[in-house]
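Thank you all for coming. I would like to take a few minutes to walk through the model on the screen, beginning with how each chain is built and then turning to a few places where its elements meet.

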Amino acid sequence: MNKNLEEKYLSVIEDNVNVGSSNALTEFFILVAGIAVIFFLLYMFADAIGSFFIDRMSNETQMKIENAFSFGIKPQVSTKNENIIKLENIRDKIVPLDKNLQGKSKFPIYEYPEKQINAFITPNGNIFFTQGLLTEVKDEKVLTFIMAHELGHYAHRDHLKSMSRQIIVALISSIFASGNNNIDLTVGSISDLNGLTYSRKQEREADKYANQIVYKLYGNNKGAVEFFKLLEKKEKAPEFLQYFSTHPSTSQRLKLIQQER
Amino acid sequence: MGDVLLLLIILGFTFMTGTIIEKRHFENIKKREIALIKKPIINFGAKKWDTNRKIKKIELVTGECVISGDYFKNFVAGLKNLFGGRLTTFESVLDRGRREAILKMREKARGANFIINARIESVMLNDTYGQESVPQCAIIAYGTAVTYE
């Protein structure tokens, strides 16, 4: 075999035209970013449509949907102690202030056996306070703020909005990703984060709502400010982790409340 | 949240391991190809072949390779399915598989003067649309090794 031919073969081995030269990692980032943008837009779209129709929905329809969706949700603990009675009194003060809360759920209040400081409301209007919160917080103004925050979610129909958004996004993404596992996975991961950002917007609205209620009842918002200062003490997560949390960071919420004053 | 982290960890890990394995495989293939550079494959497609020299042995030689991309490559390719285009992550996998199969065939024909009428076939081993399946490809190279006396 002559020398030239051998060199030619060697160069063919070294220089491979069959393999693409693009970097797999950059390709990955471009693809994920593209899909993220598409789904962010989809979320905005679903969000707008959901809010548009749900804000115009009649109360009867709301009740119908709530009853359909909360079938089978039953509280585990139903003991009535001092704390619950105190909370019920606060609730009875708040409900007459807003038309959106009247004539719907009776807002029963329950204690939830957990040490974390938290409170939440289910779609059919059951309000849960964790044991940790009830032992930590005794001040009536602070409890009023928390209660108003949860009722604010209900008054804004946040539960229905997030439900409608999930349904729209799930529908469209299942069409997109039919038969493709990876896209399902990516979309799921991205939409998890987007879902949280949306709920933080709702949290901000609920904070504002609760702030107004506290103002109406007491003439100042000391209760809210105190609550956030308490949370700030308890919190240890750094602020840059914000994108991953369900609520805005405490210092941001505090700022918002103080601006409202 | 946990799911996202887990996915990112798996992707990062498989990207690193996949890159290392692919680099080593390519180095290995290059070394063997250079070693075999003087063993030609002749592909003229004729059914009838004549020679004046005396033939000692004619035999069928085959080389197989079953190859799969790593998790990261499959993931990127899956995303690319949405937009279309060249699946560059799979190109390197296919290239490795093909060269490996040809190399095995040539190594099997040790002692032969050359291989005539070499062919390459590829078979999908796994159903790509199944839930748990991994795209795998079997590549078979075969030809006739001719040894002169």
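**Two chains and their helix contacts**

Let me begin with chain B, whose elements, read from the N terminus on, run α-β-β-α-α-β-β, which gives 3 helices and 4 strands. Please keep in mind throughout that this is a predicted model. Of the 149 residues in chain B, buried residues make up 23%, and if we take the contacts in that chain with a separation of 6 or more, residues 24 or more positions apart account for 78% of them.

Within chain B, I would draw your attention to helix 2, residues 71–83, where a run of buried residues includes F72(B), K73(B), N74(B) and F75(B), and goes on through V76(B), A77(B), G78(B) and L79(B). Following helix 2 of chain B comes G84(B), which has a positive phi, near 85°.

How do helix 2 and helix 3 of chain B cross? Their axes come within 8 Å, and the crossing is at roughly 135°, with helix 3 spanning residues 88–108. Because angles over 145 degrees would be needed for roughly antiparallel, that crossing makes helix 2 of chain B oblique to helix 3 of chain B. The residues of this contact divide into 4 nonpolar, 1 polar and 1 charged; from helix 2 of chain B they are K73(B), V76(B) and A77(B), which meet T89(B), F90(B) and V93(B) in helix 3 of chain B.

Let me now move to chain A, where the secondary structure comes to 10 helices and 3 strands, in the order α-α-α-α-β-β-β-α-α-α-α-α-α from the N terminus on. Buried residues make up 26% of its 261 residues, and among contacts in chain A between residues at least 6 apart in sequence, 69% join residues at least 24 apart.

Helix 1 of chain A, residues 3–14, has 12 residues and reaches 17 Å from its first C-alpha to its last, which is close to the 16 Å expected at 1.5 Å a residue. Is helix 1 of chain A buried or in the open? The number of buried residues among its 12 is 0, so helix 1 lies largely in the open.

A second packing to look at is that of helix 4, residues 82–94, with helix 6, residues 140–155, both of chain A: the angle is about 60° and the axes are 10 Å apart. These two helices of chain A are therefore oblique to each other, and their crossing is right-handed. On the side of helix 4 of chain A we find L87(A), I90(A), R91(A) and I94(A), and these meet E140(A), L143(A), T144(A), M147(A), A148(A) and L151(A) in helix 6 of chain A. By type, the residues of that contact divide into 7 nonpolar, 1 polar and 2 charged.

Finally, I would like to look at one residue, I109(A), which is found in strand 1 of chain A, residues 109–112. Why is I109(A) counted as buried? It has 22 C-beta neighbours inside 10 Å, and a residue counts as buried because 20 or more lie within that distance. Leaving aside residues up to four places away in sequence, I109(A) touches I84(A), L87(A), E88(A), R91(A), I127(A) and F129(A). I109(A) also lies 8.9 Å from I85(A), C-alpha to C-alpha, although the two are 24 residues apart in sequence.

Terms used: Residues are numbered from 1 along each chain as its sequence is written. Chains are lettered from A and ligands numbered from 1 in the order in which they are written. This is a predicted model: local features need pLDDT of at least 70, side-chain atom pairs count only at pLDDT 80 or more; totals for chains, interfaces and linings use all residues. The expected span of a helix is 1.5 Å times one less than its number of residues. Axes are lines fitted to C-alpha atoms, for helices over the stretch in contact, and angles run from 0 to 180 degrees between N-to-C directions. Angles under 35 degrees count as roughly parallel, over 145 as roughly antiparallel, 65 to 115 as roughly perpendicular and the rest as oblique. A crossing is left-handed if the near helix is turned anticlockwise from the far one by less than a right angle, and right-handed if clockwise. Two residues are in contact if their C-beta atoms, placed from the backbone, lie within 7 Å. Ala, Val, Leu, Ile, Met, Phe, Trp, Tyr, Cys and Pro count as nonpolar, Asp, Glu, Lys and Arg as charged, and the others, Gly among them, as polar.
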